[in-house]
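Thanks for coming. I'll take a few minutes on one chain, and you can follow along on the screen.

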Amino acid sequence: MKLRSAALIALALVAAVMVVVRTDVPALADGGRYAAEIRRTEYGIPHISAKDYGGLGFGYGYAFAQDNLCVLASWVVTLRGERSRYFGPQAKSDDPVRPVANLVSDVYYKSVADSGVVPRLLARRSPLGPTDELRRLVDGYVAGYNRYLEQTGVANLPDPTCRGKAWVGPITATDMWNNLLDLSRMVGIAGMKEYVVGEAEAEGPERRPAAGSNAWALGRRATRDGHGMVLADPHFPWNGIRRFYQVQLTIPGVLDVSGGSLYGTPVVQIGHNATVAWTHTVSHAQRFTLYQLDLVDRTSYRVDGRTEPMGRQEVRVTLQDGTVVDHTLHTSRYGPVLAAGQTGKVAYALADANAGNLRAADEWLAMARARNLTQLRATQSTYQGMPFVHTLATDAGGSAYFADTSMVPHVTDAQAERCGKPSPIPGLEEYVLDGSTSACLWGEDRDAVVPGIFGPAGQPRLTRADYVANSNNTFWMTNPSAPLTGYPRVWGKARTELEPRPRVSLDMIAQRLSGADGLGAPGFTLETLQATVQGKRNHTFELMRSDLPGLCRDSTLTTSAGKRVDVREACRTLRRWNGRATLDGQGAILWREFFQRLGRPTEPGEPVFSPWRVPFDPERPVATPRGLKSDDPVVRLALADAVAAFQAGDIPLTLTPGQAQRYSSVPIPGCTEGEGCFDRVRMRGMLGANGRYPEVDTGSTFMMAVELTPAGPRTRTILTYSLSADPSSPHHTDQTVLFSRGQWVTERFTEAEIAADPKLRTSTVSG
């Protein structure tokens, strides 16, 4: 039977029985011809230059290993499915987005390696397979990493995290390609490992990266001098392989790009060159669908009335004691069959649009060479590899560009309605389609580079002379003056309520353009851009503040345990607070503890409680909802319980973010996602009796404010967790201290700027 659409994509993931070509031989120096220069400026930031892509990759891999070898070494163990062997099967994996038991992780990654998907993709020509430039960059990166490890020795590594460990060794090009593939799959199958392997928890999946990231592209009509500007503020994890590494990569006359590069990738994901700047935010469009299979028996299913056998994959994992665990996985024409949700009549298969996507790295590499937005857009149309992010960009001409060019299954609203089936997983937002008929396969666009996804003509896009902005809201409110509508729901919903963080983002821009924010004349400069984004505004407090007197008219309130508490001091604290989550913001933590209690769980069948006095109005999406239902018993109970919690721990109601939030002992400002903080923070856990939260693990990461002037880019950056994960490095928290104080680093991009650094250190590496 001829397969198309979802079937073709899914077959790139796994197959039943395959002949696998392995390429896991350590990359060797290209006849000893790899050479690069590494110049390090303040805070250890590396500027790497070479005459070719192989040398550039070599220098990058070498520099990265100097700072972060242990993180990548641990992740390579993960990608090879060997964590149970070294760390035990029940310990949690090092996945910073969705950690799972090591055995679950190993079964999944062994299945990926054994499926042969990477060798098959490497055998394809660009754009479906990697370009020659990217292949040389990857090989050089691996050789540079291995060269540093060889010179230093495992026993002499500076980072105690992996010094002398048996799991540290040379990496291979296959490891790097697997990492690039896994990045593309991060919000798809890689976030559903438990459901594939059969160790899913009862509750629904938390598959997406923690919601975060802000991005602005400011056009000539929004800036004081008519220059294009970009604000990058991605919110990725602060630990592990999804951290950003700050770097400049240069091949004279060919490539000159500076920005943030995710660990273990040889390209800059967020950055700028001399005339173009870009950034990304995570799109909430769907990346995969489930297909409900009509089972004939446990190992076969029906499509169009005919029986199809499931594929069978045997996976073997070695444990610490040398014993071996065997695990059987099943596959279908759509993709892997989930172990979860099976009955005697139905099972579910996962079709991931990113299952065979290695194109993202080539797209980022080509974007780095773009001279203007026209070339950047052409690059995105050529590779169509953005896995799960929006793109916001500007150029020296001062146009502002937004697009969701990410990989989205081609499912129309009509098809979703016609083919929809109940979900076997609580809380799953993605479509579940009927797998018993080929009429429910993903559709096709002529301009799509692979079948089953929407092509460029069907993607949400907007180009403006003033601005485009996104804070993980859907495409709809990219610019309130030009709402985007008319796209299938698989891209996300229009005319729906904006969360507080996207609302405060748009309000910050509006106030700067009108000059109402107290920062001087209307319009952005590089300096006012920096000041605007670090205002630490808590938008829910701003929107509810006027109703606090009603909440505080009684001096005592009753807790959920029936205890009466005096709330007068709490109300005085909130009245005095200026609504900003600065280090010294007395009232910021009290507001958080109160506001979070407004989202109390409800019983099944009960409506979700809304604390807003004025409900959402789709005709006024930026101004609603607002106000606080100060007389509602739920609201009054939330304040009473918050005050009681402070009293029980003898915690002062004036507790500040600087006292309660830390990263590596450095106080961190900011508030949480739900509160409506622009550069938000997250801690995995409740406020402790000592007045401290667990360590900050997510928030603003690589912040970049860049202005593209006729004389070249002017850029300010801050890498919030600093350049090195090595606790012994002088660059482990040096930028974190700056971030804590609200300071930025002035980027050195040109040769003159780099040479002028009094702390410049230069080295030449070869191999």
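**An exposed methionine**

Let me start with methionine 686, which counts as exposed because its relative accessibility is 62%, and the cut-off for exposed is over 50%. Please keep in mind that this is a predicted model.

Where does methionine 686 lie? It is in the loop that runs between strand E26, residues 681-683, and strand E27, residues 696-699. If we set aside the neighbours within four places in sequence, methionine 686 is in contact with Arg692, Tyr693 and Pro694. Valine 622 is 64 residues away from methionine 686 in sequence, and their C-alpha atoms are 31 Å apart.

Now a residue on the other side of the cut-offs. Tyrosine 62 is part of helix H2, residues 53-79. Is tyrosine 62 buried or exposed? It is buried: its relative accessible area is 10%, and buried means under 20%. Which residues does tyrosine 62 touch, leaving aside those within four places in sequence? They are Ile38, Gly144, Tyr145, Arg147, Tyr148, Gln151 and Val765. Alanine 400, by comparison, is 338 residues from tyrosine 62 along the chain, with 36 Å between the two C-alpha atoms.

Next, one helix. H12 covers residues 500-514, which is 15 residues. From its first C-alpha to its last it reaches 21 Å, close to the expected 21 Å at 1.5 Å a residue. Its buried residues include Val504, Leu506, Met508 and Ile509, and also the arginines Arg501, Arg503 and Arg512. What do the buried residues of H12 pack against? Two strands, E3 (214-218) and E19 (467-470), and two helices, H13 (526-533) and H14 (539-544). After H12 comes glycine 515, with a positive phi near 80°.

Last, the chain as a whole. It has 21 helices and 31 strands. Its radius of gyration is 26 Å, and a compact globule of 767 residues would be near 27 Å, so the two agree. Along the principal axes, the C-alpha atoms fill a box of roughly 75 × 70 × 55 Å. Of the 767 residues, 62% are buried. Among contacts with a separation of 6 or more, 69% are between residues 24 or more positions apart.

On the surface, the accessible area is about 27600 Å², and carbon and sulfur atoms account for 50% of it. As for charge, there are 83 positive and 79 negative, and their mean positions are 2 Å apart.

That's everything I have.

Terms used: Residues numbered from 1 in each chain as written. Predicted model: local features only at pLDDT ≥ 70, side-chain atom pairs only at ≥ 80, totals over all residues. Heavy atoms only, no water. Helix = DSSP H or I, 4+ residues; strand = E, 2+ residues; numbered from the N terminus. Rg over C-alpha atoms; globule rule 2.2 N^0.38 Å. Buried < 20%, exposed > 50% of the residue type's maximum accessible area, 1.4 Å probe, protein only. Contact = heavy atoms within 4.5 Å. Areas by Shrake-Rupley, 256 points an atom, 1.4 Å probe, with all protein chains shown as cover. Lys, Arg positive; Asp, Glu negative; His and termini not counted. Charge placed at Lys NZ, Arg CZ, Asp CG, Glu CD. Expected span 1.5 Å × (residues − 1).
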